[in-house]
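The following account considers one residue and its surroundings, and then turns to the environment of a bound ligand. The reader is invited to keep the coordinates at hand.

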Amino acid sequence: MEKVILVRYEEIFLKGLNKKIFENQLMRNIKDRLSPLGKVTVTRSQSRIYVESSDQGFDWDEAIIRLQKIFGIASISPVEKVESDYDAIKAKTLETIDKMLKKYQYKTFKVEAKRGDKKFPLNSPQICADLGGYILANFPSLKVNVHNPDFIFYVEVRESTYLYSEIIPGAKGLPTGTGGKATLLLSGGIDSPVAGWMIAKRGVTIDAVYFHSYPYTSDRAKDKVVKLAEILSRYCMGINLHIVPFTDIQLKINEKCPHEYLTIIMRRYMMKIAQRIAEKSGSLGLVTGESIGQVASQTMESMLVTNHAVSMPVYRPLVGMDKNEVIDIAKRIDTYDTSILPYEDCCTIFVARHPVTRPSLEKCLEYEKVLDEQGLIDEAVEKTEVVKIL
Ligand code: ATP
Ligand code: MG
């Protein structure tokens, strides 16, 4: 008898070859995230994944927390595993429910059984009826309620038998590593970490780029972005964070271009540099936290002008969301508290007092002519620092 975690995934959406790739990647990701906790085996059988460890010190609670952040998992259950022998099942049932009633004030239950192994002498309804009666006889405080029970006691008879009552929702989505790679423009704000999480949820591996304006933004602002990348990385199976020194470029734009075009030209430089870094790392697109109309620089016109700076697709997963919807996700994925720490980001320092809300592409291209684009970008890329976050 041992402790096991049962992992379910939504394989009904998968067909043919995709299914194998999905399953293998999911198993690798689970192994990667759990092996620092101790010796662990991850196996698959009948479209279920089983996580087992005979390691005495294995931290099961932490394992559950980590599993909840792995994309591609529909739900998880801590289960008790016994041999598929009815006496052994009954004995373990008593032990499990006894433990549960010491913890929770449950009054009603029902049994749900699934017999996957046709050699087992009782069929599913027979297991429900017989085991239900057995539980009633042994725990006089419990009653059966088939419609709205306090807990459901699940019994799955396969090669081994699995007993459980808890179903914990997973992160859903697709396993990281099945969807190519994208480069996220990660600031210290609320939006971009959420945008990165949403793209990552679709199985996409994330690389991040942060534009740092030292000394106009302090190293604490940079630490905050590193912290955000660390939180995101728990969902993303690791992130490479590229920290680009951006001050020289900002000073040059500030000096040479009309003030109302400062923000938009700066944004175009961010995109160009991000694309350079993305190309080097094999990324297939850029991701930002922009949403239409959220601030003066996020109009349709601005987005047209920023997109024009690059040839790669720019993904904006928050494009149609309200701030409150973004905040809800940020809280759920644990980035919110870090995002609202009050360290200034570069955009609050080099802000135009009256930025154009409808920038014109022709004017932008005209104003940018005075800048040594190639030189500025080469230098920024060359001085970029890469932090590998696991
Ligand atoms: P966020 O909350 O993500 O900072 P925001 O609402 O503050 O977004 P902007 O400042 O207009 O919006 O930035 C729009 C997007 O540009 C950000 O979501 C992010 O993807 C990118 N961005 C802005 N500043 C930086 C930066 N210093 N480094 C990297 N990306 C940035
Ligand atoms: Mg911001």
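**A histidine and a ligand shell**

In this predicted model, His242 has a relative accessible area of 11% and is therefore buried, since that class covers values under 20%. This residue is found in strand 12, which spans residues 239–245. Its side chain forms a polar contact of 3.3 Å with the side chain of Asp207. Asp207 also appears among the residues in contact with His242 once neighbours within four places in sequence are set aside. That list further includes Ala208, Val209 and Tyr210, together with Ile277, Thr384, Glu385 and Val386.

Attention now passes to the ligand. Ligand 1 is surrounded by 21 residues, of which Leu185, Ser187, Asp191, Ser192 and Gln298 are the closest. Sorted by class, this shell holds 10 nonpolar, 8 polar and 3 charged residues.

Several polar atoms of the protein approach the ligand. A polar backbone atom of Ser192 is 2.7 Å from an oxygen atom of ligand 1, and a polar backbone atom of Phe211 is 3.0 Å from a nitrogen atom of the ligand. Arg267 places a polar side-chain atom 3.4 Å from an oxygen atom of ligand 1. Taken alone, the ligand exposes 580 Å², and the protein buries 92% of that area.

Three elements give two or more residues each to the shell around ligand 1: helix 5 (191–200), strand 11 (205–212) and helix 8 (262–281). Strand 11 provides the largest share, with 3 residues.

Note on methods
Residues numbered from 1 in each chain as written. Chains lettered and ligands numbered in written order. Predicted model: local features only at pLDDT ≥ 70, side-chain atom pairs only at ≥ 80, totals over all residues. Heavy atoms only, no water. Helix = DSSP H or I, 4+ residues; strand = E, 2+ residues; numbered from the N terminus. Buried < 20%, exposed > 50% of the residue type's maximum accessible area, 1.4 Å probe, protein only. Polar contact = N/O pair within 3.5 Å; in protein donor to acceptor, adjacent residues only side chain to side chain. Contact = heavy atoms within 4.5 Å. Near = heavy atom within 4 Å. Areas by Shrake-Rupley, 256 points an atom, 1.4 Å probe, with all protein chains shown as cover. Nonpolar A, V, L, I, M, F, W, Y, C, P; charged D, E, K, R; others polar.
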